[in-house]
Amino acid sequence: MPGFVEIVSQLTNGVIYGLILALVAVGFSLVLGVMGIINFAHGLLFALGAYLAYSLQFHVGYFGALVIAPLIVGMIGILMEFVFIRRLYGRDPLFVLVLTFGVAMAGEEIIQLIWGKLARSVDAPAFADSFIDFGFIIYSEYRLFMAAAAALIIGATWYLLAKSPLGSIIRAGTHDPEMVSILGMNLPLIRTGVFGFTALLGGAAGVVAAPLWSVRPTMGLDALLPAFLIVVIGGMGSFWGSVLGGLLVGVANAISVMFFPRFADLTMYVLAAVVLLYWPRGLLGKKSVLE
Amino acid sequence: MKFTKLAAIALISLGATATYAQDSVKIGALIPLSGNYGFLGVSERYGIDMALEEINAGGGVLGRQVEVQYEDSGTAAQATRKATRMLQNDGVDFFVNGGGSSVSTAMAEFAARNKVIDLALDPNSEELVRGKANRYFFLVPPPSSMIANAFVPEVAKLGDSVFFLTHDYSYGIAQTTEQRRVLEEIGDVEEVGEIRIPLGTRDFSSQIIAVRNAKPDVLIVNVAGIDSTALLEQIWEFGLYNDMQVAIPLLDFEDSWAIGADKNEMIALAGVEWHYNISDKAQAFKDRYQEKYPNADFPVPTTNSVNAYLGVRILLQAAEAAGSLESEAVVKQLETMTLEESLKMNPLTVRAADHQIVQDFVIVKVKPEAEREADYDLYEVVTVAAGADIVSPEAEATADMSAFD
Amino acid sequence: MTQVDTNTPPAPARPMARRQGAMAAKFAALLAVLLVLPFIVPLIGMNVGIASEIVIYSLFAIAFNILLGFTGLPSFGHAAFFGTGAYMVAILQYQGIENTAVALLTAALGGGIAAGLVGVLVCKKRGIYFGLLTLAFGQMFFIVALRWDEVTGGETGLTGLTRSTIDLGFAAFDLNDQMTFYYFVLLVFFLSILVIWRILSSPFGAVLRGIKENELRVQYLGYPAYLYKWAAITISGAFSGLAGGLFAYYQYATYPEFVFWVQSGNVVVATLIGGGLNSFFGPILGAAIFVGAEDLISSYTEHWMLFFGLLFISVVIFFPNGIPQAVMRLTSWIRGRTGAQDADKASEETGK
């Protein structure tokens with residue numbers, strides 16, 4: 001049996017790990033909840049963020065990369081929506097799935113062509129590249145910074161969506177696209193903007209995660225499945241649901257490593273299955289157009 | 001009329017490729033070019049190309065030039081499907097494969113079924129020279145038992161207690177099992193714990209906290225390829241190496257290069273199959289590599305390049321000596337082969353009992369920064385274990401290596 | 001299941017009779033094409049063996065499409081049932097049971113039972129929730145296949161399977177021969193899709209299509225929709241398992257990758273690019289493209305993923321109804337080139 005100190009440190013670590021998972025999932029969840037798009041290429045955007053951080057760190061440092069990389073990824077997202085995705089509105093959402101599946105595949109190959117097949121390393125920023133000894137636990141400084149960064153990005157996103165005028169237009173657009181058009185607002189532009197914004201979030205998650213998980217061509221696919229499940233657990237269309245889902249997966253992972261480490265990879269699925277059986281729409285989910 | 005003309009041209013060119021194919025010896029290389037192992041394929045390709053260049057410059061095999069057909073090994077099912085096409089449609093004479101134990105197991109099976117020779121270039125799976133060995137399959141890298149025999153005695157010098165991080169699949173489990181065996185033989189080192197890590201794990205923070213609480217002297221990392229880079233990054237991130245010695249029985253140079261030079265300082269002891277400082281021939285190979293691939297991802301050849309090079313060399317040398325491309329003749333020849341140009345200290349030999357290619361194993365430790373001669377000069381050699389001393393007893397070989405029908 | 005038969009919905013039964021003649025012609029045409037397929041594939045540089053893979057994958061896609069195309073349930077975990085079938089054949093053989101018919105029936109049974117179990121838990125869901133829940137359950141199967149070494153062989157799977165010789169007394173067929181194996185697979189495939197079509201064109205199938213259109217209305221009409229959905233999942237799983245069993249023979253092995261979620265994604269994509277949403281035969285074309293293109297492209301370039309990805313993108317963008325639409329457009333374009341009159345006629349017709 002793990003001692004009290006270990007349990008506390010594991011649970012704390014689980015929460016922090018959960019925050020980064022939530023950050024990865026939030027963009028995926030938004031584009032699904034707001035636009036009804038299963039963006040299979042969200043992992044690709046995540047990977048692009050990490051790779052751009054790798055290239056940019058040599059020129060503008062970590063913080064420069066943290067600002068610039070997501071913006072570039074956001075622009076790539078806008079381009080993706082403009083060239084491909086807008087042609088599929090009004091059709092079965094599964095077609096967007098196939099399209100983004102194709103984009104993800106081609107994109108992984110393009111990443112390999114640009115950056116090679118070898119894993120790359122992004123160094124943590126200098127002020128957080130060591131570890132702190134709290135006496136009972138020695139913890140990574142970067143994880144603490146990362147938890148704060150993830151919380152900040154999630155908070156800012158929530159403010160933008162829930163409190164700002166732009167947010168209310170977006171929400172109106174998803175509830176009643178026709179009304180928004182009648183009121184003279186440019187619906188296609190709003191959609192492009194939302195997609196670009198979720199891409200930016202994916203890119204930001206990639207930058208933040210880059211020093212942790214090592215940067216490699218397949219990292220996008222690795223990040224995608226947890227994002228899928230976190231959205232299921234939290235509930236589709238619910239912003240705080242995906243945050244809660246991320247935290248739950250993080251904590252569940254910590255608990256399983258303590259008690260049955262061999263099946264740590266199973267916990268996420270069991271959690272998702274149990275939640276969906278008792279909460280048919282996820283913990284905080286609402287009725288959505290996707291049923 | 002145009003059509004008939006086109007058809008005629010097509011027929012002629014088809015005929016031309018057919019004669020060309022007959023004139024050259026063809027190796028089918030199913031190596032990972034995408035996915036998690038994609039970086040291994042890059043290294044393997046360098047090695048294969050270098051071997052071919054040398055052999056073709058020296059007149060080829062049986063007076064014929066050698067060519068290689070590269071394809072992405074992908075998954076096990078994709079690999080055997082492609083192999084079938086390469087064998088039946090493209091006229092491939094021999095196969096070499098990469099892509100880890102899963103693809104190699106499938107290819108070993110494919111080789112036996114089709115009576116065509118296959119050499120696995122990168123798996124270290126014990127099973128491939130035990131239950132899954134067969135007449136037409138050869139394993140180039142050392143399996144877990146050889147690694148353990150060479151590595152564990154050195155680990156024992158680092159401390160009195162060890163903790164295992166074991167990748168939860170055949171490779172990782174075999175590594176830990178074999179190392180445990182050697183630890184018991186040595187006697188005075190205690191095992192204080194083991195955590196099995198599921199394949200595909202990306203975040204190890206929880207496991208790292210658990211290891212730290214167990215307070216071992218030495219942490220033995222039996223985590224391979226696809227997950228090990230992330231694990232190394234996080235061992236560094238949590239400063240775990242300050243509390244214990246980190247020992248990695250099998251380190252890919254690709255991984256250590258990927259995490260960045262400075263982070264390698266955390267690795268107290270590592271097993272590598274090859275290092276450019278172990279012999280003059282190894283040095284010469286490194287120079288040739290650097291001349292040929294000035295822009296390679298890895299500035300020096302890695303174990304994977306070397307194994308690919310050695311595999312192709314010994315295979316073609318056997319074909320030359322057998323005077324034939326027939327599988328049976330080449331298998332018989334391979335079983336008695338010795339390759340002097342092993343790029344190691346001792347020549348490479350093939351063991352007929354299980355088709356293990358016996359080669360030396362190298363153990364390294366990190367070089368102090370002041371002594372480094374180049375940015376890639378990260379490790380110095382601790383010892384080179386002779387292949388003959390560490391290979392498992394021949395009496396233990398269990399597989400049936402006879403031709404079956 | 002007896003309940004299903006007593007609740008015969010009267011309305012859609014009548015026009016079906018006329019459609020059956022057209023369907024028979026389509027089945028005959030399909031059979032004709034598939035009979036010569038192994039002679040076509042070598043012409044484009046592919047191995048005869050791939051014909052078997054295409055047909056097996058087609059069976060998988062058609063079985064999957066019982067849910068997606070005919071019941072409107074997007075399953076993202078179908079690899080679990082396919083894989084269960086494959087492992088059934090392998091495990092039986094490791095236990096010494098070599099009879100092909102017994103093994104394949106067990107594969108179908110295994111796939112059906114696995115799907116039935118998952119179905120109990122998911123049959124009240126629909127849409128994307130159904131998809132994601134099946135994904136979660138599917139991955140559990142994968143983890144079991146990966147972790148339960150003693151039974152599944154772990155990450156290297158169960159290899160070294162054999163194909164037996166089917167002795168009918170007057171003639172013996174050695175399935176190790178690629179051609180014999182292909183025609184054996186084709187036989188199983190053809191019988192299976194006939195059965196599937198029979199099920200889908202029955203009153204039971206009509207209820208499934210009703211569920212796809214409007215589940216609520218079906219319920220108001222007094223049909224227990226979730227029971228029908230459960231039956232659909234189970235049937236779909238059984239035929240997926242059968243396809244998996246054939247695939248184990250084709251590969252002489254099973255690997256955990258058969259159960260991996262990427263495999264589930266592949267069948268979704270193959271079905272959709274084949275136009276499976278509104279076509280019974282569409283998935284066959286999708287499977288052929290999916291399997292064939294990968295092998296063909298990867299024999300030309302190591303950057304096959306790039307072109308593979310671009311293929312999906314262009315199909316979805318340019319041919320919203322899948323490859324069949326592309327083929328039709330191509331033929332009408334060719335006709336347009338050969339004779340302007342035909343094109344005029346075509347535009348006239350569409351003008352109406």
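The contact between chain B and chain C takes 25 residues from each of the two chains. Two residues are in contact here if their C-beta atoms, placed from the backbone, lie within 7 Å. Strand S2 (66–72), helix H3 (76–88) and helix H4 (100–114) of chain B each give two or more residues to the side that touches chain C. Helices (H or I, at least four residues) and strands (E, at least two) are DSSP runs, numbered from the N terminus. H3(B) gives the most to this side of chain B, with 8 residues. By class, the side holds 7 nonpolar, 10 polar and 8 charged residues. Ala, Val, Leu, Ile, Met, Phe, Trp, Tyr, Cys and Pro count as nonpolar, Asp, Glu, Lys and Arg as charged, and the others, Gly among them, as polar.

This is a predicted model: local features need pLDDT of at least 70, side-chain atom pairs count only at pLDDT 80 or more, and totals for chains, interfaces and linings use all residues. Residues are numbered from 1 along each chain as its sequence is written, while chains are lettered from A and ligands numbered from 1 in the order in which they are written.

Chain B also meets chain A. There, 33 residues of chain A are in contact with 32 residues of chain B. On the chain A side, the elements that give two or more residues are helix H1 (4–35), strand S2 (138–140), helix H7 (187–213), H9 and H10. H1(A) gives the most, with 6 residues. This side of chain A divides into 14 nonpolar, 12 polar and 7 charged residues.

H9 and H10 of chain A also pack on one another. Helix H9 (residues 239–259) and helix H10 (residues 264–278) of chain A meet at an angle of about 140 degrees, with their axes 9 Å apart. Axes are lines fitted to C-alpha atoms, for helices over the stretch in contact, and angles run from 0 to 180 degrees between N-to-C directions. H9(A) is therefore oblique to H10(A). Angles under 35 degrees count as roughly parallel, over 145 as roughly antiparallel, 65 to 115 as roughly perpendicular and the rest as oblique. From H9(A), A:Leu248, A:Val249, A:Ala252, A:Asn253, A:Ser256 and A:Val257 meet A:Ala264, A:Thr267, A:Met268 and A:Leu271 of H10(A). The residues of this contact divide into 7 nonpolar, 3 polar and no charged.

Back to chain B as a whole. It has 13 helices and 15 strands. Its radius of gyration (taken over C-alpha atoms) is 22 Å, close to the 22 Å that the globule rule gives for 405 residues, so chain B is as compact as a globular protein of that length. The rule is 2.2 Å times the number of residues to the power 0.38. The C-alpha atoms of chain B fill a box of roughly 80 × 45 × 40 Å along the principal axes. Buried residues make up 58% of its 405 residues. A residue is buried if 20 or more other C-beta atoms lie within 10 Å of its own, exposed if 12 or fewer, and partly exposed in between.

Two loop residues of chain B have a positive phi.

| Residue | Phi | Loop in chain B | C-beta atoms within 10 Å |
|---|---|---|---|
| B:Lys215 | near 50 degrees | between helix H7 (205–214) and strand S8 (218–222) | 12, exposed |
| B:Leu343 | near 65 degrees | between strand S11 (338–339) and strand S12 (348–350) | 25, buried |

Neither B:Lys215 nor B:Leu343 is glycine.
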